[in-house]
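Colleague: I have a new model open and would like to go through its charged residues with you. Could you take me through them slowly?

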Amino acid sequence: MPFLGPDGEPRCPWSRAAPEFLAYHDTEWGFPVDDDRRLFEKLSLEGFQSGLSWRTILAKRENFRAAFADFEVPAVARFDRSDVDRLLGDAGIVRHRGKIEAVINNARRVEELVEREGSLAAFVWRYEPDAGDLAEPQTLSTSPASVALSKDLKKRGWKFVGPTTVFAFMQAMGLINDHARECTIRLQAQRIREEFDRPGLAARGTGPAGVQR
């Protein structure tokens, strides 16, 4: 059943699970993003979420931003062993060595990818699935597109980017509109997606993942 927000309009049921979820749901989740810093941040935070709840990560998001130089890729790519030790001592974030080292590694992989592809955004938006290939909203935790993107990232040396992590990233960053059909925000997200200029689209001449535009 949908959740009725303070305005009486229906929302995705998960948005009532915690007080901080509603604003995140209404203003961020499912809206398309083409900013490399935000994309890198979200992939990093989804990696930290592995085995945990999104509520835990969202509550610590500002701490993560402070700890990881606001997820500015060049800065994070320069982190060294002393930074890893510093982060392992930071009680404001999730102190998991493998995940911390993965973020630093992935920042370096972003720099490599940008040299070849132009931007992280241009790369990930290639994996936007065709609307006709999507399952009913919020019924799956992976998809063929998330499996393919995960595989490509891993091939390029990324860490903590499994298909489930990548699917959650694609939901949040608007590569798909996975708001429930009755959710009032679904129409807003869809309108913005329709007006959104896909990164790198002009250079390719066709839409990502076979979407002709």
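Modeller: Let me begin with a term: a salt bridge is a side-chain nitrogen of Lys or Arg within 4 Å of a carboxyl oxygen of Asp or Glu. With that in mind, Arg37, Glu41, Glu62, Arg65 and Asp70 are linked in a network of salt bridges, and please remember that this is a predicted model.

Colleague: How many salt bridges does a search of the whole structure find?

Modeller: The search finds 19 salt bridges. One of them joins Arg11 to Asp26, with 2.9 Å between the closest N and O atoms.

Colleague: Where do Arg11 and Asp26 lie?

Modeller: Arg11 lies in strand E2 (residues 10-11) and Asp26 in helix H1, so the pair ties together parts that are 15 residues apart in sequence.

Colleague: Is Arg11 buried or exposed, and what is its relative accessible area?

Modeller: Arg11 has a relative accessible area of 5%, and it counts as buried because the cut-off for that word is under 20%. Asp26 is buried as well. Arg11 also has a neighbour from far along the chain, since its C-alpha atom is separated by 7.0 Å from that of Ile185, which is 174 residues away in sequence.

Colleague: Which residue forms a salt bridge with Glu128?

Modeller: That is Arg198, and the closest N and O atoms of the two are 2.7 Å apart. The pair links distant parts of the chain, 70 residues apart, with Glu128 in the loop between helix H8 (120-124) and H9, and Arg198 in the loop between helix H11 (184-195) and helix H12 (201-204). Both of these residues are buried.

Colleague: And what about Arg156 and Glu117, how far apart are their closest N and O atoms?

Modeller: Those atoms are 3.6 Å apart, and the two residues form a salt bridge. Arg156 is in the loop between helix H9 (144-155) and helix H10 (163-172), while Glu117 is in helix H7 (residues 97-117), so to speak of distant parts of the chain is fair here, with the two positions 39 residues apart. Arg156 is partly exposed at a relative accessible area of 21%, and Glu117 is partly exposed at 22%.

Colleague: Changing topic, which side chain of opposite charge is nearest to Asp36?

Modeller: The nearest one is Arg37, which is 10 Å away, and Asp36 is buried yet has no salt bridge. Asp36 is found in helix H2, and its side chain reaches the backbone nitrogen of Leu120 at 2.9 Å.

Colleague: Which residues form the negative surface patch?

Modeller: The patch is formed by Asp34, Asp35, Glu72 and Asp197. Asp34 sits in the loop between helix H1 (21-27) and helix H2 (36-49), and it counts as partly exposed at 44% relative accessibility.

Colleague: One last thing, about the backbone: which sign does phi have in most residues other than glycine?

Modeller: Most residues other than glycine have a negative phi. Ala69, however, has a positive phi of about 55 degrees, and Gln138 has a positive phi of about 60 degrees, although it is not a glycine.

Colleague: Where is the place of Ala69, and where does Gln138 lie?

Modeller: Ala69 is in the loop between helix H4 (61-67) and helix H5 (73-77), whereas Gln138 lies in the loop between H8 and H9. Ala69 counts as partly exposed at 31% relative accessibility, and Gln138 is partly exposed at 31%.

How values were computed. Residues numbered from 1 in each chain as written. Predicted model: local features only at pLDDT ≥ 70, side-chain atom pairs only at ≥ 80, totals over all residues. Heavy atoms only, no water. Patch = residues over 30% accessible without salt bridge, like charges linked within 9 Å, V, L, I, M, F, W, Y side chains within 5 Å. Areas by Shrake-Rupley, 256 points an atom, 1.4 Å probe, with all protein chains shown as cover. Lys, Arg positive; Asp, Glu negative; His and termini not counted. Charge placed at Lys NZ, Arg CZ, Asp CG, Glu CD. Helix = DSSP H or I, 4+ residues; strand = E, 2+ residues; numbered from the N terminus. Buried < 20%, exposed > 50% of the residue type's maximum accessible area, 1.4 Å probe, protein only. Polar contact = N/O pair within 3.5 Å; in protein donor to acceptor, adjacent residues only side chain to side chain.
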